[in-house]
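I opened a new page for this one and wanted to find my way around from scratch. Here is what I looked up, in the order I looked.

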Amino acid sequence: MIALDLIADSIPPVHTSDTIQKVLDRMVEFRLRHLPIVNEEQFLGLLAEDDLVAENDYQTQIGALALSLVNPYVLEDQHIYDVIRLFYEQQLTVVPVLDAKSNYLGLISINAITEYFAKITSVSQPGGIIVLEISNKNNSLAHMAQIVESDNAQILSSYVQAYPDSTRMEVTLKINKQDISAIIASFLRYEYDIKASFNHTDINDSARDRYDSLMNYLNL
């Protein structure tokens with residue numbers, strides 16, 4: 001996925017001839033706090049709601065204001081992770097997209113990013129969630145997938161969160177099965193540390209208890 005794929009065509013940019021009132025109305029309409037200023041195809045900068053609310057005359061044109069514009073943007077062929085980084089680091093509600101000649105192509109809204117995350121994490125798909133805490137030396141997604149698939153299930157999505165100054169990390173697996181008690185038991189059998197689980201029929205920790213009982217029985 002690249003930036004060009006997420007451009008929101010329905011949100012027009014601001015022009016220097018637009019009034020403050022028109023821009024604020026557009027921000028309210030699209031529930032945004034930022035909009036790009038564009039003259040023809042030239043990107044001039046990103047306008048913030050805070051730049052406008054202190055002005056007294058809302059019929060003043062944007063081009064007449066002394067604005068300290070920020071200039072964040074991505075190129076059309078940049079990966080979507082670069083877009084997400086800008087949203088996060090600069091707390092934006094839109095990110096402008098330019099072509100290789102620095103012409104304005106459109107913008108990516110925060111709503112588009114939210115929808116993108118919903119799709120890649122399969123939040124709309126029914127299933128269970130398992131959160132594992134593992135050593136970064138044992139981070140084998142292939143082995144985790146093998147454990148899940150041994151119960152005739154599949155991993156719909158996964159993501160990893162590293163802990164600062166630690167050799168441990170957290171792996172979250174979304175699985176296309178709501179009853180994941182057998183899969184949990186398999187992870188325990190392979191000595192994975194299960195931090196949390198959701199949407200499975202056995203909502204307590206009886207899977208670990210059954211596993212411990214089985215091990216005690218086998219050791220008799």
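**Entry 1: counting the pieces.** Before counting I had to settle what counts: helices and strands here are DSSP runs, at least four residues for a helix and at least two for a strand, numbered from the N terminus. On that basis I get six helices and nine strands for the protein chain. I noted right away that I'm working with a predicted model.

**Entry 2: overall shape.** Is the chain a compact globule or more spread out? The radius of gyration is 25 Å, well over the 17 Å the globule rule gives for 220 residues, so the chain is more spread out than a compact globule. The box around the C-alpha atoms, taken along the principal axes, comes to roughly 85 × 35 × 35 Å. I also looked up burial: 39% of the 220 residues count as buried. As for contacts with a separation of 6 or more, 59% of them join residues 24 or more positions apart.

**Entry 3: domains.** I found the chain divided into domain 1, residues 3-117, and domain 2, residues 124-201. How far apart are the C-alpha centres of the two? They lie 39 Å apart.

**Entry 4: the β1 and β2 hairpin.** I started with strand β1 (residues 34-39), which is joined to β2 by six bridges, running antiparallel. N39 has Q42 in β2 as its bridge partner. Two residues sit between the strands of this hairpin, and E40 takes a positive phi near 55° there. Then I checked burial for β2 (residues 42-48): five of its seven residues are buried, so this strand is largely enclosed by the rest of the structure.

**Entry 5: the three-stranded sheet.** Next came an open sheet with mixed pairing and the order β3-β4-β5. Why is one side of β3 and of β5 left without a neighbour in the sheet? Both stand at the edges with a single partner strand each, so that side has nothing beside it in the sheet. I looked at one pairing in detail: β4 (residues 94-98) and β5 run antiparallel, with five bridges between them. Within it, V97 stands opposite G106 in β5. Helix α2 lies across β3, β4 and β5, and runs at about 140° to β4.

**Entry 6: helix α3.** Which residues of α3 (residues 110-120) are buried? I listed A112, I113 and Y116. They cover an arc of only 100° around the axis, which puts them on the same side of α3. That made me recall the rule for helices: with 3.6 residues a turn, residues three or four places apart point the same way. I then asked what covers the buried residues of α3, and the answer includes α2 (80-90) and β5 (104-109). Just after the helix, S122 has a positive phi of about 55°.

I picked I110 for a closer look, as a residue found in α3. I110 counts as partly exposed, at 27% relative accessibility. Not counting residues up to four places away in sequence, I110 touches F87, L92 and T93. Out of curiosity I also checked I110 against R168: they are 58 residues apart in sequence and 31 Å apart in space, C-alpha to C-alpha.

**Entry 7: the four-stranded sheet.** This is another open sheet, antiparallel, in the order β7-β8-β6-β9. β7 (155-162) and β9 (193-198) take the edges with a single partner strand each, so one side of each lacks a neighbour in the sheet. On average, neighbouring strands of this sheet are turned by 20° against each other, direction ignored. I followed β6 (residues 128-135) into its antiparallel pairing with β9, which has five bridges. L132 has I194 in β9 as its bridge partner.

For a single residue I chose T172, in strand β8 (residues 168-175). Is T172 buried or exposed? Its relative accessible area is 8%, and T172 is buried. Leaving aside neighbours within four places in sequence, its contacts are I129, I130, V131, S157, S158 and Y159.

**Entry 8: helix α5.** Last stop was α5 (residues 181-189), where I noted the buried residues S181, I183, I184, S186, F187 and L188. Just after α5, E191 takes a positive phi of about 65°.

Notes: Residues numbered from 1 in each chain as written. Predicted model: local features only at pLDDT ≥ 70, side-chain atom pairs only at ≥ 80, totals over all residues. Heavy atoms only, no water. Buried < 20%, exposed > 50% of the residue type's maximum accessible area, 1.4 Å probe, protein only. Arc of directions from axis to C-beta. Contact = heavy atoms within 4.5 Å. Domains from an automatic or database assignment. Pairing = 2+ DSSP bridges. Axes fitted to C-alpha atoms, helices over the stretch in contact; angles between N-to-C directions. Rg over C-alpha atoms; globule rule 2.2 N^0.38 Å.
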